[in-house]
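Dear colleague,

I am handing over the structure we spoke about, and I would be grateful if you could look through it with the notes below beside you.

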Amino acid sequence: MAIYTYGGTPSDVLTTTTGDVLPDYPVNVRVAGTGELITALYEADGSTPIGALRSNPASHPAPGAVRTFKIDGITAIEYEYLDAAGRPVRRHQAAREAATRALEHIQGTFDTTTTPGTLAAARSDSSGQGVFDVTAFGAKGDGIADDTTPIQAALDAAYNAGGGSVFFPGGRTYNVNTFMVVRANTTIWAYGASIRSTHATTGVLRNFYGTDVFNGYGGHSHIKILGGTWDCNAYSAALGTGVVTATTNTMCFIHCADITVRDCRLLDSSSAHALEFNAVKGAVVEACRFEGFTDNSGDGSRRSSEAVQIDIAKAGSSSIGAFDGTPAVDIRVSGCWFGPSARLGTFGRAIGSHAQVAGRYFDDIVIENCVIEGALESGIRGWNWRRAKIRGNTIRDTAASGVYVSVPDPAAGTVYTSYGITITDNIIEGTVTGSGIRVLGYDTAPVTDVVINNNTVRGASATTANGVQPQCTPGAVVSGNLVDGVRSTGIFPQYSDGVNLTGNTLRNTFSNAVNVAGCTAASVTDNVVDTTGSNHGIVIGGGTDGRAGAGALVAGNRIRAAAVAGIRLSQPGCHITGNKVMKGSGTTVNGISLTPAATGCVITGNDLAGNGWTVAAALLTSTAAPVVTAQGGTVLPGSNVVHVLASHGTLATVADTATETPIATVTIPGGDPQPGSAYRIRVYGTASTTATPTLGFGLRIGGTVVAAPATVTARSGVSGKGWMAEAVLHCVGDGVSGTWAGGLTLMQQYGTASVVTSMSDGAVTHDTTTNMAVAVTAKWSVASASNTATATAAVVERIG
């Protein structure tokens, strides 16, 4: 692979946030974009390994500088070193050869009949395109001289030639004292170069003059900015460094189409935006770094400024006319980094919009594979976006929502309805307030066709944010997300009829894991909830405005260690089925609880067992009795499992006795029986005898006879013949003086009759609040060692 060169330029100096150099300081080197640590570093000769890269010592003529070094096969890197607080500081750098290869690429397209390897101020190829080296127009690039005039001359020459490439040789810093203006059909190559503003009121580059007026997308278009550090050089009152104090963009494009900004570093913006696309159709921002921002407004009014603003042509938002309401559309921001610089802090927002014109939308926005390291407000702020894809981004430590997409409030007088918002495969960590992901519509201005899928949202201490919060997003699909440790609600859909929450995992939420508020026909299926710090696992209820919603389906969810109830209902007409609620090591009080508002609900087939609850605790109902069986029964627990009954009991052999003796004993847990409950007990075994005695089987509860033995006369000389005693026990009344009735059927092969029965003669009394021993008994008519009956299996099950 090719060897690439880094370091060794005047700008390669490690400094603190106050501008002090850091001599003899360790430096890590990482692959730009992936962050992979690079350990194979070489001295300037390209062959001598560097054990540990450090900045020059204090005794060196250039203390704190990073010497020239080389890397095999890596064309762009990030220096990484620790600030005073121990936090990593990263600085991007492209290889010097990148600029050289760019120049070679340009030269390779031109006529080479003149001296090879040189560039005149203007050379043309066969199509008339030119390449323009700013140094050939007199730019010094020494970081001292004002290079405004020669650079603008090179840009003008390219435009006047019908288009071309303007080249900034790398390893130099070019000072400018006003905006440079790049016009149609121009490519700027600036790899390794730095272009820096030195005037208090201006940024660095734009595609218009202040007197220009364009309509629609008719301004200067087909522009590429490739490489370079574009330094707005914002003033910092705290540090006393920098120059620019005005609210100004670093780079700006208005009323145009087909704009590319690639491999650029936009540095230290003042109050406005690093990059503005206003009334732009078709822009691509790739592999750029947006570092450093300060609000120089004096009143804090610019704290929400975006690094990349997607804007609309209107007075107050656009620097030039026409103010015709043309929106930016078809914008893609890919593989970029947003965060603080070595000198200044983070932006208000990394990417977003905040202006609107009636009937206009920002369509086809793609934000992908970016890293956002902190923001004074939200990370990504979509406003009036449609058909937007936000995917594969990593967003950390934003003061407000990590991703926030909304439409304007229709109460202001204009209704905007957005659709097609897809938020997928993002990692969002440490959102302080708001929500990790927030999509906001209104009753009369909903956001439809919303998909929030496969995101990871992680909370942190000292935060209050929800995980995922769609509001007025009918039919939204929230699926496959992991929400972990958020300090409020995990997933919180509001007023979103038909919302579908499926396959999400929610862990350690501080409040409810899922709270469906004011939604009709919501579907909450196949989610996993593990531990809530307070409240419930899944809540189906009303919104804060009093709307209840109705008809939710809650099915197939697994809920563990909810603080109060696994599932909480305060909405009518819900169907709750097939869920598993586990107390675990938590404090869960109820499996499923219903408020008086939860009328007409169906609760069937839920597994609430293994938690030590009574039926009343497992299914806490209010005044509205739910349907709990497929047949429409309302006797609790119905088809819901509250206690797992033992699949086999205590088995015995009855021999050489004529006394009625338990041959199998099973247990019905205390609190499980309710009036109308029924249990089936089956006991299987064998019998042997040498004579013809009778052998019968009966049923007792706690020693009290429920059914006397049903007897059969044995045939002479039988051995190992099978029998099955099947008893059914009904709870007539519960409580300490609970009442029971039942019967027993005997099927056998040892005697003369195949089936006999016995049943209770009226109800018997036994406490239902404590564990109940239910015994199937055996009784021989004659005590003989040859008369033996052995139980081989016993099963008890609730059947009603």
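What follows goes through one helix, the strands, the cores, the cysteines, the aromatic pairs and one glycine in turn.

Please keep in mind throughout that this is a predicted model.

I begin with helix α2, which covers residues 148–160. At 1.5 Å a residue, its 13 residues should span 18 Å, and the end C-alpha atoms are indeed 18 Å apart, which agrees with that expectation. The buried residues of this helix are Thr148, Pro150, Ile151, Gln152, Ala154, Leu155 and Ala158, and they pack against a series of strands, namely β9 (130–133), β10 (142–146), β11 (164–167), β12 (173–176), β13 (180–181) and β14 (186–189). Just after the helix, Gly162 adopts a positive phi of about 90 degrees.

Turning to the strands, β28 (residues 365–368) is covered on both faces, with Ile365 and Ile367 buried on one side and Val366 and Glu368 buried on the other. Strand β28 pairs in the parallel sense with β24 (residues 329–334) over 4 bridges, and it also pairs in the parallel sense with β32 (residues 388–391), there over 3 bridges. Val366 can be followed into both of these strands, since Arg332 stands opposite Val366 of β28, while in β32 the bridge partner of Val366 is Lys389.

An open sheet of 5 strands is found elsewhere in the numbering, in the order β57-β59-β67-β61-β62 and with antiparallel pairing. Strands β57 (650–651) and β62 (704–713) stand at its edges with a single partner strand each, so that one side of each is left without a neighbour in the sheet. The partner strands β61 (residues 694–701) and β62 run antiparallel and are joined by 7 bridges, with Ile701 standing opposite Thr704 in β62.

As for the interior, the largest nonpolar core has 117 residues, and those with the most contacts inside it are Trp230, Phe253, Phe277, Phe290 and Phe338. If residues up to four places away in sequence are not counted, Trp230 touches a long list of residues, including Ile188, Ile195, Val204, Leu205, Ile225, Met251, Cys264 and Leu266. There is also a second, separate core of 39 residues, and Ile663, Ile668, Val706 and Trp740 are among its members.

What does a search of the whole structure find in the way of disulfides? The count is 0, and two of the cysteines can be looked at one by one. Cys232 counts as buried, at 0% relative accessibility, and its sulfur is 12 Å from the closest cysteine sulfur, that of Cys252, which is too far for a bond. Cys252 likewise counts as buried, at 1% relative accessibility, but the cysteine sulfur closest to its own belongs to Cys256, and the separation of 8.6 Å is again too far for a bond.

The same kind of search over the whole structure finds 13 aromatic pairs. One of them is formed by Tyr25 and Tyr81, an edge-to-face pair with 6.3 Å from centre to centre and 90 degrees between the planes. This pair links distant parts of the chain, for Tyr25 lies in the loop between β1 (3–6) and β2 (28–31) and Tyr81 in strand β6 (residues 76–82), 56 residues apart. Tyr25 is partly exposed, with a relative accessible area of 23%, whereas Tyr81 is buried, with a value of 3%. In the pair of Tyr679 and Trp740 the ring centres are 6.4 Å apart and the planes stand at 45 degrees, so the pair is tilted. Here too distant parts of the chain are linked, with Tyr679 in strand β60 (residues 678–688) and Trp740 in strand β64 (residues 739–748), 61 residues apart, and both residues are buried. Ring pairs also link Tyr6, Phe69 and Tyr79 into a cluster.

Finally, Gly698 is found in strand β61 and is buried, with a relative accessible area of 0%. Leaving aside neighbours within four places in sequence, Gly698 is in contact with Glu660, Ala707, Ala708, Pro709, Leu744, Ala775, Val776 and Thr777. The C-alpha atoms of Gly698 and Ser758 are separated by 7.5 Å, although these residues are 60 residues apart along the chain.

With kind regards

Definitions and conventions: Residues numbered from 1 in each chain as written. Predicted model: local features only at pLDDT ≥ 70, side-chain atom pairs only at ≥ 80, totals over all residues. Heavy atoms only, no water. Helix = DSSP H or I, 4+ residues; strand = E, 2+ residues; numbered from the N terminus. Expected span 1.5 Å × (residues − 1). Buried < 20%, exposed > 50% of the residue type's maximum accessible area, 1.4 Å probe, protein only. Contact = heavy atoms within 4.5 Å. Pairing = 2+ DSSP bridges. Core = buried A, V, L, I, M, F, W, Y, C linked by side-chain atoms within 4.5 Å. Disulfide = S-S within 2.5 Å. Phe/Tyr/Trp six-rings, centres within 6.5 Å; stacked < 30°, edge-to-face > 60°.
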